[in-house]
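Visitor: Hello! I would like a close look at one part of this molecule, followed outward into whatever surrounds that part.

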Amino acid sequence: MKVELEIWRQDGPEDRGRLERHVIHDATPEMSLLELLDRLNEQLFEEGREPIAFESDCREGACGACGVTVNDIPHGPVPNTPSCRQHLRAFGGITKLRIEPLRSSAFPVVRDLIVDRSALDRLIRSGGHVDVQAGTAPDADAMLVGHDDAELALDFAACIGCGACVAACPNGAAHLFAGAKLAHLALLPHGRVERSHRAREMVTELDAGFGPCSSYGECVEVCPAGIPLSAVAAVQREVYRAAIR
């Protein structure tokens, strides 16, 4: 199987960057995007050329490190699937791929396909914390959480922080990411004391590091964890609640 690739190459944050063309002649339908990049790097190594720099860790769709943009779509053409789980067999016959880093002003390119996603880390540091009592572990039934609330909180907590929602948004907003964190913690008794402070701090960081949300919904289409659009509404809901309180 022949696959034609256009790969973004950038030597460093200050470099302008460019697209390089390559051809893989022995690709197979079972290959994932990352395995395709592995094969390309083997080919480049055999030619004595510099391999492509890209990130990966678990390769099981759990960590979010692997995010790239494929034909202008964060992660790739298969909806709600991380880059490491995008396989060529699911591309509907597409054999020409342009692979670039996640595109957002909040994610400066470090090298080739690697971006700096520390803006998401700053967002978490601003409000993603709870106070807990130190000491021995509490009894399992000491802090009751209803079944429906627990399940919904777990749905929001499934966010893997890959940043695809930011790259997909025309405004570069991170409201799906921030809303998932706010909604997750708002549903649980843990960290209830910090709830209002958390909302104010996270929205302040949102405004400083990301664009405004216009509820386009592109973020939902690319989210590997399937975070619903209701997470976006949680941002304003928590801010209004904090103002009233």
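Is E47 buried, partly exposed or exposed, and what is its relative accessible area? Please take me through the surroundings too.

Guide: Happy to! One note before we start: this is a predicted model. E47 is partly exposed, with a relative accessible area of 45%. The side chain of E47 forms a salt bridge with R49, and the closest N and O atoms of that pair are 3.4 Å apart. R49 is partly exposed as well, its relative accessible area being 41%.

The E47 and R49 pair belongs to a wider set of charges. A network of salt bridges links R9, D11, D15, R18, E20, E47, R49 and D112. By the rule used here, the structure has 19 salt bridges.

Let us step back along the chain to helix α1, which covers residues 33-46. This helix has 14 residues and spans 20 Å from its first C-alpha to its last, close to the 20 Å expected at 1.5 Å a residue. Its buried residues are L33, L34, L36, L37, R39, L40, N41, Q43 and L44. What do they pack against? The buried residues of α1 pack against four strands: β1 (3-9), β2 (18-24), β3 (69-70) and β5 (96-100). Just after the helix, G48 takes a positive phi of about 75°.

Those strands lead us to the sheet. Five strands form an open sheet with mixed pairing, in the order β2-β1-β5-β3-β4. β2 and β4 (73-74) are the edge strands, each pairing on one side only. Going through some of the pairings, β1 and β5 run parallel and are joined by four bridges; E4 has K96 in β5 as its bridge partner. β3 and β5 run antiparallel, with two bridges between them, and V70 stands opposite I99 in β5. β3 and β4 are also antiparallel, again joined by two bridges; here T69 stands opposite P74 in β4.

Strand β5 deserves one more stop, for a salt bridge between E100 and R98, at 3.2 Å from N to O. How exposed are these two residues? E100 counts as buried at 11% relative accessibility, whereas R98 is partly exposed, with a relative accessible area of 23%.

Now back to the stretch that follows the helix, where another charged pair is worth your time. The side chains of R111 and E50 meet in a salt bridge, 3.7 Å from N to O. R111 lies in strand β6 (residues 109-111) and E50 in the loop between α1 and β3, so this pair ties together parts that are 61 residues apart in sequence. Both partners are partly exposed: R111 has a relative accessible area of 27%, and E50 has a relative accessibility of 49%.

Finally, a word on the rings. The charged end of R103 sits over the ring of W8, 4.4 Å from the centre of that ring. A search of the whole structure finds zero aromatic pairs.

To return to your starting point: E47 is partly exposed, forms a salt bridge with R49, and is part of the network that also includes R9, D11 and D112.

Technical notes: Residues are numbered from 1 along each chain as its sequence is written. This is a predicted model: local features need pLDDT of at least 70, side-chain atom pairs count only at pLDDT 80 or more; totals for chains, interfaces and linings use all residues. Side-chain values use heavy atoms; hydrogens and water are left out. The expected span of a helix is 1.5 Å times one less than its number of residues. Buried means under 20% relative accessible area, exposed over 50%, partly exposed in between (1.4 Å probe, protein chains only). Contact means heavy atoms within 4.5 Å. Rings of Phe, Tyr and Trp (its six-membered ring) pair if their centres lie within 6.5 Å; planes under 30 degrees apart count as stacked, over 60 as edge-to-face and the rest as tilted. A charge sits over a ring if NZ of Lys or CZ of Arg is within 6 Å of the ring centre and within 35 degrees of the ring normal. Two strands pair if DSSP finds at least two bridges between them. A salt bridge is a side-chain nitrogen of Lys or Arg within 4 Å of a carboxyl oxygen of Asp or Glu.
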